[in-house]
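I opened this notebook to keep track of what I looked up, one topic at a time. The entries follow the order in which I went through the model.

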Amino acid sequence: MFMARKTTISLIKCDVGSLAGHHIVPKPLLNIAEKRLKQAQEKGLINNYYVFNAGDDLELLMVHEKGESNHRIHKLAFDTFTEAADKALKLKLYGAGQDLLKTAFAGNICGMGPGVAEMEIEERGSDPIVVFAADKTSAGAFNLPLFSMFADPMNTAGLVIDPNMAGGFKFEVMDTLENTTVVLKSPEEMYELIALIGTVQRYVVSRVWRASDDLICAAGSVTRLSLIAGKYVGKDDPVMITRAQHGLPALGEILVPFMHSYLVEGWMRGSHWGPIMPVGLKDSKCTVFDGPPRLVALGFQVSNGQIASDDMGKPMVADLFDDPAFEPAKRCNWRRC
Ligand code: 13P
Ligand code: 13P
Ligand code: MG
Ligand code: MG
């Protein structure tokens, strides 16, 4: 019997310390992540990886076949963050080890501070993926765009045009205060869904599936740092993974919610609301009023258990917001609030 290949995409992030306040992850810390993940690839634990930063958050994108919540993958992330935080401490970087709220690893990095988005997929004939990583905002920041992508026909023409999407999508919503989840189906339960996810401080969309066959389409991080620490210690700075095309929203339908900015919780000291700013990797660094909250999006193909790579073995990753099409969102006229 033909068994589809199961591949896992893990995006695990942590603020381990940064340069000049909460601005960027400096090179020595990125180098530690590169070194650790390269070793893990050589040992066969992961198939390949891409290290990047969202402002002051160190992002480990790993593709492997170990499934979600795998303790060896989570330990790899934890050890990487710990080594980087030690280096940050030596360099007296700002907020060294900021998101490592718990330091005794017990098999899973969830609940320790770092943000985790993971998705195990059965690879389709071609599987385009977009990962998002934000800085200076909180876990509910993706509620609105996820609704637009998978529930709003004015955003996603495919909901009307593509028969494979006509059955709608199911949203798992997490109540981060009570630690409970509910699954709501759009379009039938759209109003109930909006009633919950409009309260972004509490309710967070954690997963989305295609309703007709339960195909997983999106997974986001739900970590609320302030609930783990019991006080404000920094922003959640969430991450998210989405799948695109062929019976799912097209790449352009996944990106169009970011063409115009919208207000998110976060910015200076996490106590304001600010316009999210989609940027290319070169602008992934918060400045004015410790913001505006920034968002990067990377596109790639998952192919035979890996991020599809070029002839030199280098993962091919598209820097999707490095595009003048997003100038309206970058230039929007806002005031702090
Ligand atoms: P699919 O090939 O994924 O159905 O997308 C078609 C399309 O027109 C995208 O804009
Ligand atoms: P980070 O969570 O990105 O470290 O931001 C903390 C902060 O308070 C910025 O003003
Ligand atoms: Mg920080
Ligand atoms: Mg941050």
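Which residues of α2 are buried? I noted before anything else that this is a predicted model, and then listed the buried residues of α2 as I73, H74, L76, A77, F78, T80, F81, A84, A85 and A88. An α-helix has 3.6 residues a turn, so residues three or four places apart point the same way. I then looked up what these buried residues pack against, and found β1 (6-14), α1 (27-42), β3 (57-64) and β4 (115-122).

**Entry: the length and ends of α2.** I checked the helix against its expected span: at 1.5 Å a residue, the 20 residues of α2 (residues 71-90) should span 28 Å, and because the end C-alpha atoms are 28 Å apart, the two values agree. At the start of α2 I found a side-chain oxygen of N70 within 2.9 Å of the backbone nitrogen of R72. After α2 comes K92, for which I noted a positive phi, near 55°.

**Entry: the magnesium ion (ligand 3).** I looked up the donors of this ion and found D15 (OD), H22 (ND1) and D56 (OD), at 2.0 to 2.2 Å. Written along the sequence, the spacing of these donor residues is D-x6-H-x33-D. I compared the accessibility of two of the donors, with the limits for partly exposed set at 20% and 50%: D15 has a relative accessibility of 1% and therefore counts as buried, whereas H22, with a relative accessible area of 26%, is partly exposed.

**Entry: the magnesium ion (ligand 4).** Which residue bridges the magnesium ion (ligand 4) and the magnesium ion (ligand 3)? I found that D56 does so, and that the ions lie 4.5 Å apart. For ligand 4 the protein donors are D56 (OD), D57 (OD), D135 (OD) and D237 (OD), lying 2.1 Å from the ion, and their spacing in sequence reads D-D-x77-D-x101-D. Distant parts of the chain are linked here by a pair of these donors, since D135 belongs to strand β5 while D237 sits in the loop between α6 (225-229) and β10 (239-243), 102 residues apart. I also checked whether these two are covered: D135 is buried, at a relative accessible area of 0%, and D237 is buried as well, at 3%.

**Entry: ligand 2.** I counted 14 residues surrounding ligand 2, of which the closest are H22, K136, K235, R269 and D290. Two of the residues already noted as metal donors return here, because H22 is a donor of ligand 3 and D135 is a donor of ligand 4. I noted that a polar side-chain atom of D135 lies 3.1 Å from an oxygen atom of ligand 2. K235 places a backbone N or O atom 2.6 Å from an oxygen atom of ligand 2, and for D290 I found an N or O atom of the side chain at 2.6 Å from an oxygen atom of the ligand. Of the 300 Å² of accessible area that ligand 2 has on its own, the protein covers 96%.

**Entry: ligand 1.** Which residues surround ligand 1? I found Q245, H246 and A250. An N or O atom in the side chain of Q245 is 2.5 Å from an oxygen atom of the ligand, and a polar backbone atom of H246 is 2.5 Å from an oxygen atom of ligand 1. The protein covers 36% of the 310 Å² of accessible area that ligand 1 has on its own.

**Entry: D127.** Is D127 buried or exposed? I found this residue in strand β5 (residues 127-135), and at 0% relative accessibility D127 counts as buried. Its side chain has a polar atom 2.9 Å from the backbone nitrogen of R124, and makes a polar contact with the side chain of R243, also given as 2.9 Å. Setting aside neighbours within four places in sequence, I listed the contacts of D127 as I121, E122, R243, F300, Q301 and V302.

**Entry: L184.** I looked up L184 last, which is in strand β7 (residues 180-186) and, at 8% relative accessibility, counts as buried. Neighbours within four places in sequence aside, L184 is in contact with F169, K170, F171, E189, E192, L193 and L196. For one of these, F169, I noted the C-alpha separation from L184 as 8.6 Å, with the two residues 15 apart along the chain.

Terms used:
Residues numbered from 1 in each chain as written. Chains lettered and ligands numbered in written order. Predicted model: local features only at pLDDT ≥ 70, side-chain atom pairs only at ≥ 80, totals over all residues. Heavy atoms only, no water. Donors = N, O, S within 2.8 Å, 3.2 Å for Na, K, Ca; no water. Buried < 20%, exposed > 50% of the residue type's maximum accessible area, 1.4 Å probe, protein only. Near = heavy atom within 4 Å. Polar contact = N/O pair within 3.5 Å; in protein donor to acceptor, adjacent residues only side chain to side chain. Areas by Shrake-Rupley, 256 points an atom, 1.4 Å probe, with all protein chains shown as cover. Helix = DSSP H or I, 4+ residues; strand = E, 2+ residues; numbered from the N terminus. Expected span 1.5 Å × (residues − 1). Contact = heavy atoms within 4.5 Å.
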